[in-house]
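Open your viewer and let's take a walk through this model together. Each stop tells you what to select and what you will find there.

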Amino acid sequence: MTTSRPISSQLYKEAIALAGVFQAAALVDQVATQGRCDEDNFAASVDSVLKLDAPTLEAIYGGQVNFLPGLSLGFAELEHVLQEKRTINPDTLRYVMGLLHLQKKLQREEELINVVRTRLALLNEQRPHFEDNREMLNERLAGIYEDTLSTFRYRIQVNGNRLYLENPANVGKIRALLFAGIRSVMLWRQTGGKRWHLFLYRQKLLDTVRELK
């Protein structure tokens, strides 16, 4: 939906990045419980990890000003939370909280951050070889996640159907999505996002999300 909201608005940027966090968490739950997820939302989330030099926040998620179809699931989930609806999946919320916690730990580890950046930059250079092989790209991202973020004592425990969770392709998807969630948390913090904003600015954030849906 077209709006008059200025691109420089902090809440506008916070809403986009938060939608990225909630979308990654919701997609993890879909893969874990259903063995599949929306492919367009999945691509927008996972591709955001490799867009290290995107010119705008919208471009990171494959969109443009006030038009981010790739984050449709994230905006829907965030809207439910801001409306305080009880229908929100508790596992999705738990993953969101886990991503916030894990990113906070990561930001204290400068050496590990440099390792992540270096490996992502290398993968980005190699990406043309994976354009027709999404599963291979997922595996590479999952490998970086496993070698870096999974080294923390704290790990996000994913609940779901054992049949799906034991599928290697799904494991790769889930780790790639967790990586995407960490990326979005980082972007949210860079926009000035704070957890208390979800309470103090709840209605303003909700209005922004509804304009962006």
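## A guided tour

Start by selecting Leu-200, which sits in helix 10, the run of residues 197–200. Keep in mind as you go that this is a predicted model. Is Leu-200 buried or exposed? Leu-200 counts as exposed, because its relative accessibility is 58% and the cut-off for that class is over 50%. Now add Trp-196 and Phe-199 to the selection: with Leu-200 they form a nonpolar patch on the surface, and together the three have about 410 Å² of accessible area.

**Zoom out to the whole chain.** Switch to a cartoon view. You should find 11 helices and 0 strands, so the protein is α from its N-terminal element through to the last one. The radius of gyration is 16 Å, close to the 17 Å that the globule rule gives for 213 residues, so the protein is as compact as a globular protein of that length. Turn the model along its principal axes and the C-alpha trace spans about 40 × 35 × 35 Å. With a surface display on, you are looking at about 11,000 Å² of accessible surface, and 49% of that belongs to carbon and sulfur atoms. Buried residues make up 48% of the 213 residues. Among contacts with a separation of 6 or more, 80% are between residues 24 or more positions apart.

**Go inside.** In soluble globular proteins, nonpolar side chains tend to be buried together. Here, select Ile-16, Tyr-61, Phe-75, Leu-120, Leu-141, Leu-149 and Phe-179: within the largest nonpolar core, which has 62 residues, these touch the most other members. Which helix gives the most to this core? Colour helix 1 (residues 10–34), which contributes 15 residues.

Next, centre on Tyr-61. Setting aside neighbours within four places in sequence, Tyr-61 is in contact with residues including Ile-16, Ala-17 and Gly-20, as well as Leu-68, Leu-71 and Leu-187. Also among the contacts of Tyr-61 are Ser-48, Lys-51 and Ser-184.

**Follow the charges.** The salt bridges come to 9, and three of them make good stops.

- Select Lys-173 and Glu-39, whose side chains meet in a salt bridge at 3.6 Å, N to O. Lys-173 lies in helix 9 (residues 168–190) and Glu-39 in helix 2 (residues 39–48), so the pair ties together parts that are 134 residues apart in sequence. Lys-173 is buried, with a relative accessible area of 16%, while Glu-39 is partly exposed at 43%.
- Select Asp-47 and Arg-134, which meet at 3.0 Å, N to O, in another salt bridge. Asp-47 lies in helix 2 and Arg-134 in helix 7 (residues 134–147), so this pair ties together parts 87 residues apart in sequence. Asp-47 counts as buried at 13% relative accessibility, and Arg-134 is partly exposed at 28%. Add Arg-127 to see a network of salt bridges linking Asp-47, Arg-127 and Arg-134.
- Finish with Lys-213 and Glu-79, joined by a salt bridge at 2.7 Å, N to O. Lys-213 is in the segment after helix 11 (202–212) and Glu-79 is in helix 4 (residues 72–82), so far along the chain that the pair links distant parts, 134 residues apart. Lys-213 is partly exposed, with a relative accessible area of 49%, whereas Glu-79 counts as buried at 10%.

How values were computed: Residues numbered from 1 in each chain as written. Predicted model: local features only at pLDDT ≥ 70, side-chain atom pairs only at ≥ 80, totals over all residues. Heavy atoms only, no water. Patch = residues over 30% accessible without salt bridge, like charges linked within 9 Å, V, L, I, M, F, W, Y side chains within 5 Å. Areas by Shrake-Rupley, 256 points an atom, 1.4 Å probe, with all protein chains shown as cover. Salt bridge = Lys/Arg side-chain N within 4 Å of Asp/Glu carboxyl O. Helix = DSSP H or I, 4+ residues; strand = E, 2+ residues; numbered from the N terminus. Buried < 20%, exposed > 50% of the residue type's maximum accessible area, 1.4 Å probe, protein only. Core = buried A, V, L, I, M, F, W, Y, C linked by side-chain atoms within 4.5 Å. Contact = heavy atoms within 4.5 Å. Rg over C-alpha atoms; globule rule 2.2 N^0.38 Å.
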